[in-house]
Amino acid sequence: MDKFVIRGGNPLLGTVRISGAKNAALPAMAAALLTEEPVILENIPQVRDIETERKLLSAMGAEVELGYGRAQHRTTICCRDLVNPEASYELVKTMRASTLVLGPLVARMKSARVSLPGGCAIGARPIDLHIKGLEKLGAKITQEHGYIQASAERLKGARIVFEKITVTGTEDLLMAATLAEGETVLENCAREPEVVDLAVLLNKMGAQVEGAGTQTIRVHGVEKLHGARHRIIPDLIEAGTFIIAGALTGGDLTVTSCDPIHLDALLTKLEDCGVTVHRNGESVRIVGNGPLKCADIITEEYPGFPTDMQAQYMALATQANGTSIITENIFENRFMHALELVRMGANVRIEGSRAVVRGRTALSGAAVQASDLRASASLVIAALVADGETIIDRVYHIDRGYEHIEEKLKGVGAQIRRIGELLPRRMTAPAVAS
Ligand code: UD1
């Protein structure tokens, strides 16, 4: 299994380019199931979750071309001859977002068999709201042998109020509703930029979706969708991770090809911490000048502070003067990184859904283990300011969602190397869900 070896102490200086958003690319690839014509997606990140989605679609009989080049990362997906509308446990257990195929498959293929994802490192993460919503749209759903079997001759528009805001739940039902008969109104929707990006793609495919980015989305169902070409939005979590790393190391880092508006909750918080932030069109420059001040965060749905940035922010809070309270509102078990940070010298106490971080404590390099995707990013960031060498085990988690993170970090001055690459890099991961 690969490990990262990181020697701390270097400020990050220079420019880093952000890749396409994994969490926008995954639903966009699933949306290709809604049409028999090719869907071309550009700015696809070169990460392991995309490879998993390619396998998932290919197993159903889709033709998926996936190419990464200097100028373009692109996939062309053609779902004309689908033979097997199924998401197997083998794939769902490695990536929960595989369940995004449920809505599109029932809508176009009239049936779907999708494995239930089971537990996850950061919380229970059920998909009951996807299921209830599909039932409201008229699907017949049964559960057997760990699989959901859904079927419908044609889905029928309905009013669905999400009991809880769910990102992939909103995306799944939004896709299903595009081919339903009549109008669907989705209320209490997730407003994440990834949901908006999906709606833009669906409209390019001939769907009639209004209101994405607000709490209420209206979908006027159509008979058929067609092919389209679409460029995926930049990854706001990758951008935020580099921004925190720049601030923490006292660097001068410009993060390009990102959308500063999507990053507003994080950037405003960093300003509270005393970091200088310049927002310029499609880039953000961070100048870490002087000591960091403590500031509390509460994770919320977009446009609040993202749960996917909580672990990285905790690494920063260990180096801020004073006590920062971090409240995790979205997932019930998302503090696995805290104990690893403590091994590096951080002072963090967990009290239910709150973490109390007392700073500033010197961090020292240690052997630590990544437990999930964003927790791994937190450890990488902490290692950049730790004294001596940190060895991070299980970096397959980070390969799920960060494109060539070690190369990007090296490019702006970090001392980081990957070891233990005995097998081709993206083939080494064991099955884990998060
Ligand atoms: C997505 C993101 C993930 C991010 C999360 C929250 C993708 C591929 N993943 O995950 O990176 O951390 O949003 O921003 O986009 N819930 C239910 N029942 C459901 C669905 C969700 O109770 O049917 C709960 C979850 O357990 C969680 C909360 O709702 O407590 C939010 O989860 P959700 O927004 O669905 O997360 P994901 O879409 O899985």
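This section describes the overall form of the chain, its cysteines, and two local regions.

The structure is a predicted model. The chain contains 14 helices and 25 strands. Along its principal axes, the C-alpha trace spans about 60 × 45 × 45 Å. A compact globule of 434 residues would have a radius of gyration near 22 Å, and the value of 21 Å computed for the chain therefore agrees with a compact globule. Of the 434 residues, 58% are buried. Contacts were also considered according to separation along the sequence: among those with a separation of 6 or more, 72% join residues that are 24 or more positions apart.

The accessible surface of the chain amounts to about 16400 Å², and carbon and sulfur atoms contribute 49% of this area. The chain carries 48 positive and 52 negative charges, and the mean positions of these two sets are 3 Å apart.

The cysteines were examined next. A disulfide is a covalent bond between the sulfur atoms of two cysteines. The count of disulfides in the model is zero. For C258, the closest cysteine sulfur belongs to C273 and lies 18 Å away, which is too far for a bond because a disulfide requires the two sulfur atoms to be within 2.5 Å. C258 has a relative accessible area of 2% and therefore counts as buried, the limit being under 20%. C189 is likewise buried, at 1% relative accessibility.

A further buried residue is I416, with a relative accessible area of 5%. I416 is located in strand β25, which comprises residues 415-419. When neighbours within four places in sequence are left aside, the contacts of I416 are F4, V5, I6, E406, L409 and K410. The C-alpha atom of I416 is separated by 9.8 Å from that of I391, a residue 25 positions away along the chain.

The second region is helix α5, formed by residues 128-136, in which L129, H130, I131, G133 and L134 are buried. An α-helix has 3.6 residues a turn, so residues three or four places apart point the same way. The cover over the buried residues of α5 includes two other helices, α4 (102-109) and α6 (167-178). Strands β8 (140-144), β9 (147-151) and β10 (159-161) are also included in this cover. Just after α5, G138 adopts a positive phi of about 100 degrees.

Conventions
Residues are numbered from 1 along each chain as its sequence is written. This is a predicted model: local features need pLDDT of at least 70, side-chain atom pairs count only at pLDDT 80 or more; totals for chains, interfaces and linings use all residues. Side-chain values use heavy atoms; hydrogens and water are left out. Helices (H or I, at least four residues) and strands (E, at least two) are DSSP runs, numbered from the N terminus. The radius of gyration is taken over C-alpha atoms; the globule rule is 2.2 Å times the number of residues to the power 0.38. Buried means under 20% relative accessible area, exposed over 50%, partly exposed in between (1.4 Å probe, protein chains only). Contact means heavy atoms within 4.5 Å. Accessible areas come from the Shrake-Rupley method with a 1.4 Å probe; for residues, only the protein chains shown count as cover. Lys and Arg count as positive and Asp and Glu as negative; His and the chain ends are not counted. The place of a charge is taken as NZ of Lys, CZ of Arg, CG of Asp or CD of Glu.
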